[in-house]
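Q: Please take a close look at one part of this model, the strands that pair with one another, and then at what lies beside them in the description. Go residue by residue where that is possible.

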Amino acid sequence: MTKRELPPLVIDYAGERLAGVDEVGRGPLVGAVVAAAVILDPARPIAGLNDSKALSAKRRQALDDEIRDRALAFAVAEASPAEVDELNIYHATHLAMRRAIDALSPTAEYLLVDGNRLPGHPLPGQAVVKGDARHPAIAAASILAKVARDAQMLALDGRHPDYGFARHKGYPTREHLAALERLGPLPEHRRSFAPVKRQLALF
């Protein structure tokens, strides 16, 4: 089934405190996994919300500013590389999501979470496959999470320019793997991820 053939999204909630939840950073070898939760304001719609990966960096930044200005509530949270290593990436992702949900003020009443699993939060909600392309609140969360994590990678690039983090954002590209082999892992690298684990055994 392609994205175009996904069925219409039926939401079992009709109030205004619906939070979209999404994460960025499951695949990278370095840094935190970042999650965001957003309750949009129906009275202040935001045009152009879409999956963050489908937007240019400039457009994402402009929408990030607009979401922070117009949303009823938003929060960005993370799970650290050490938590990723301790819990595994699946559980660390859900921890970051729960932290973002808990930081919302006003609090949410219902969750729409991108993906196929809810993050174990006591609030009711539903998981939505391809949710960042199917609901604006999830799209808004994906934008906040990606802008926040990309900023972390740019800061890490400033401290360690030889690894190329500004370009690959920590994902296991050929450039990143070559730098890891040449220079060894940083404290920010996820030690439980296979390419990092291999290099730690050598350094």
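A: What follows goes through the strands, then a buried arginine, then a helix.

The model is a predicted one, and the description starts with strand β1, residues 18-24. This strand is mostly covered, with 7 of its 7 residues buried. In a regular strand, side chains alternate between the two faces of the sheet. In β1, Leu18, Gly20, Asp22 and Val24 point one way, while Ala19, Val21 and Glu23 point the other way. Both sets are buried, the charged residues Asp22 and Glu23 included.

β1 has two pairing partners to consider here, β4 and β2. Strand β4, residues 110-114, runs parallel to β1 and is joined to it by 4 bridges. Within that pairing, Ala19 has Leu111 of β4 as its bridge partner. With β2, the sense is antiparallel, and the pairing extends over 6 bridges. Here Val21 of β1 stands opposite Ala37.

Strand β2, residues 33-39, also pairs with β3, again in the antiparallel sense, over 7 bridges. Ile39 stands opposite Ala73 of β3 in this pairing. β2 is thus described as a partner of β1 and of β3.

Strand β3 covers residues 73-79 and has two unlike faces, one covered and one uncovered. Ala73, Ala75, Ala77 and Ala79 make up the covered face. Phe74, Val76 and Glu78 make up the uncovered face. Ala73, the residue opposite Ile39, therefore belongs to the covered face, as the alternation of side chains in a regular strand sorts them.Next comes Arg190, in the loop between α6 (174-183) and α7 (194-202). Arg190 is buried yet has no salt bridge. The nearest side chain of opposite charge is that of Asp85, 6.6 Å away, whereas a salt bridge needs the two groups within 4 Å. The side chain of Arg190 does reach the backbone oxygen of Ala32, at 3.3 Å.

After this loop comes α7, whose buried residues are Pro195, Val196 and Gln199. Seen down the axis of α7, these residues fall within an arc of 95°, so they line one face of the helix. They pack against α6. The face turned away from the buried side carries the exposed residues Lys197, Arg198 and Ala201.

Methods: Residues are numbered from 1 along each chain as its sequence is written. This is a predicted model: local features need pLDDT of at least 70, side-chain atom pairs count only at pLDDT 80 or more; totals for chains, interfaces and linings use all residues. Side-chain values use heavy atoms; hydrogens and water are left out. Buried means under 20% relative accessible area, exposed over 50%, partly exposed in between (1.4 Å probe, protein chains only). Two strands pair if DSSP finds at least two bridges between them. A polar contact is a pair of N or O atoms within 3.5 Å; within protein, one must be able to donate a hydrogen and the other to accept it, and residues adjacent in sequence count only if both atoms are side-chain atoms. The arc is that of the directions from the helix axis to the C-beta atoms. Contact means heavy atoms within 4.5 Å.
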